[in-house]
Structure formats: C-alpha cells, structure tokens
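Reader: Let's go through this one together, a question at a time. I'll ask, and you show me how each answer comes about.

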Amino acid sequence: MTNRRDLSALEIHDIFKSRQPMVEKRHDMLKNVLSATPAFLKSVSRMEALLFLVYVSLTVHALIEREVRNRMRERGEESLPLYPEERECRAPTARRILEVFSDLQRHLLLKEGQIVQKFMPELSSIQQVLSLIGIPPEDYGESSQS
C-alpha cells in the first residue's frame with residue numbers, strides 16, 4: 001500500500017524492490033540478533049517504551065556498521081579478520097564487531113570503598129577495530145579510567 005498517487009504501479013514496484021534487501025536485513029536483525037519476540041504488555045506506555053528501545057537498538061547497530069564500513073573505505077581496507085581463525089570479513093556487521101569484545105573484562109580492586117588497583121584489559125589486534133568506530137583504543141587504558 002502507498003499514498004503515492006503520482007507514480008505508476010511499475011515505479012512503485014521498482015522502489016519496493018530496491019529497498020527490500022535493507023528492510024529484510026533489519027527485520028532479520030530484529031528477530032535473530034536482538035531476539036525480539038512477541039510480548040503481552042497491558043500498558044500502552046510500556047509498549048511505547050519497548051518499541052523505543054528496539055528502535056534505538058536497531059539504530060545503534062546500523063550506525064556502528066555504517067561507521068566501520070565508511071572508515072574502512074577511507075583507509076582503503078577491503079576486509080577485517082573478524083571471523084573465527086581470523087578469516088576476513090568484507091562487510092562487518094555490528095553483531096560480529098560486538099562479539100569481538102564479548103570476553104573483554106576490567107577489574108577494580110577495592111579496599112573500604114576506595115580503588116586500590118585497576119586491572120585494565122589489553123586489546124588484541126582485532127579489538128583495535130575500535131578506532132574504526134571513532135573510539136581511540138587508548139580509552140581502554142589507564143589514562144581514561146582515572
């Protein structure tokens with residue numbers, strides 16, 4: 001259905017087909033990556049809140065992908081070793097990028113509520129992908145956590 005009366009049926013079909021892959025990709029992300037499932041909510045405000053969070057999640061995923069791919073293009077990088085066994089990935093997805101950081105940990109040793117020592121993570125070479133998102137890898141070091 002459309003409200004575009006100025007276009008022929010063929011033009012509308014062409015527009016639909018040209019945008020279909022992106023719509024299907026985001027639908028797949030919604031169902032599989034974000035694990036969205038039907039929910040029974042009694043309050044309209046809770047439904048609105050849930051839909052807002054889903055919207056924000058989809059937007060963040062799309063922005064991460066766009067930023068990484070744009071920076072790769074700027075730097076002339078054709079792929080990143082994001083897959084297991086450091087296999088190359090030509091079109092990094094937000095899911096794959098975020099999985100790279102799934103085992104990253106930071107620990108603080110406290111004594112009477114005061115920080116005694118910080119145990120900062122050491123980034124692997126692939127975790128340097130942070131610079132492609134616009135986050136300096138040094139931000140995970142001691143200087144930014146003081």
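Reader: Which residue follows H2, with what sign of phi?

Author: Happy to start there. Helices (H or I, at least four residues) and strands (E, at least two) are DSSP runs, numbered from the N terminus. Right after H2 comes a residue with a phi near 75 degrees. That residue is glycine 76, and the sign of its phi is positive.

Reader: Before we go on, what kind of model is this?

Author: Residues are numbered from 1 along each chain as its sequence is written, and side-chain values use heavy atoms, leaving out hydrogens and water. Local features need pLDDT of at least 70, side-chain atom pairs count only at pLDDT 80 or more, and totals for chains, interfaces and linings use all residues, since this model is predicted.

Reader: How far apart are the end C-alpha atoms of helix H2?

Author: Helix H2 covers residues 44–75, which makes 32 residues. The expected span of a helix is 1.5 Å times one less than its number of residues, so H2 should span 46 Å. The distance in the model agrees: the end C-alpha atoms are separated by 46 Å.

Reader: Which residues of H2 are buried?

Author: Buried means under 20% relative accessible area, exposed means over 50%, and partly exposed lies in between (1.4 Å probe, protein chains only). By that rule, the buried residues of H2 are Leu58, His61, Ile64, Glu65, Val68 and Met72.

Reader: And which elements do the buried residues of H2 pack against?

Author: Contact here means heavy atoms within 4.5 Å. The partners include two strands, S1 (80–83) and S2 (87–89). The others are the helices H1 (9–33), H3 (94–99) and H4 (130–133).

Reader: Which residues make the nonpolar surface patch of about 490 Å²?

Author: Patches take residues with over 30% relative accessible area and no salt bridge, joining like charges within 9 Å and nonpolar side chains (Val, Leu, Ile, Met, Phe, Trp, Tyr) within 5 Å. The areas come from the Shrake-Rupley method with a 1.4 Å probe, and for residues only the protein chains shown count as cover. One member, valine 56, lies in helix H2. The full patch is Phe52, Leu53, Tyr55, Val56 and Val60.

Reader: Which element supplies the largest share of the largest nonpolar core?

Author: A nonpolar core is a set of buried Ala, Val, Leu, Ile, Met, Phe, Trp, Tyr and Cys residues joined through side-chain atoms within 4.5 Å. The largest has 14 residues, with Val68, Leu80, Leu82, Ile97, Phe101, Val129 and Leu132 making the most contacts inside it. H2, S1, H3 and H4 each give at least two residues to this core. The largest share, three residues, comes from H2.

Reader: Which residues does valine 129 contact, leaving aside its neighbours within four places in sequence?

Author: Valine 129 is among the core residues with the most contacts. Once those sequence neighbours are set aside, its contacts are Leu80, Ile97 and Phe101.

Reader: How many salt bridges does the structure hold?

Author: Side chains of opposite charge can pair when their charged atoms come close. A salt bridge is a side-chain nitrogen of Lys or Arg within 4 Å of a carboxyl oxygen of Asp or Glu. The number of salt bridges in the structure is six.

Reader: How many residues apart in sequence are the parts tied together by arginine 90 and glutamate 78?

Author: The closest N and O atoms of this salt bridge are 3.6 Å apart. Arginine 90 sits in the loop between S2 and H3, and glutamate 78 in the loop between H2 and S1, so the pair ties together parts whose separation in sequence is 12 residues.

Reader: Which residues are linked in a network of salt bridges?

Author: Arginine 96 and glutamate 99 meet in a salt bridge with an N to O distance of 2.3 Å. Both lie in helix H3, three residues apart, about one turn of the helix. The network links Arg95, Arg96 and Glu99.

Reader: Is glutamate 112 buried or exposed?

Author: Glutamate 112 is in the loop between strand S3 (107–111) and strand S4 (114–119). Its phi is positive, about 55 degrees, although it is not a glycine. With a relative accessible area of 78%, glutamate 112 is exposed.

Reader: And where is glutamate 86 found?

Author: Glutamate 86 is not a glycine either, yet has a positive phi of about 55 degrees. Its relative accessible area is 58%, so it counts as exposed. Glutamate 86 is found in the loop between S1 and S2.
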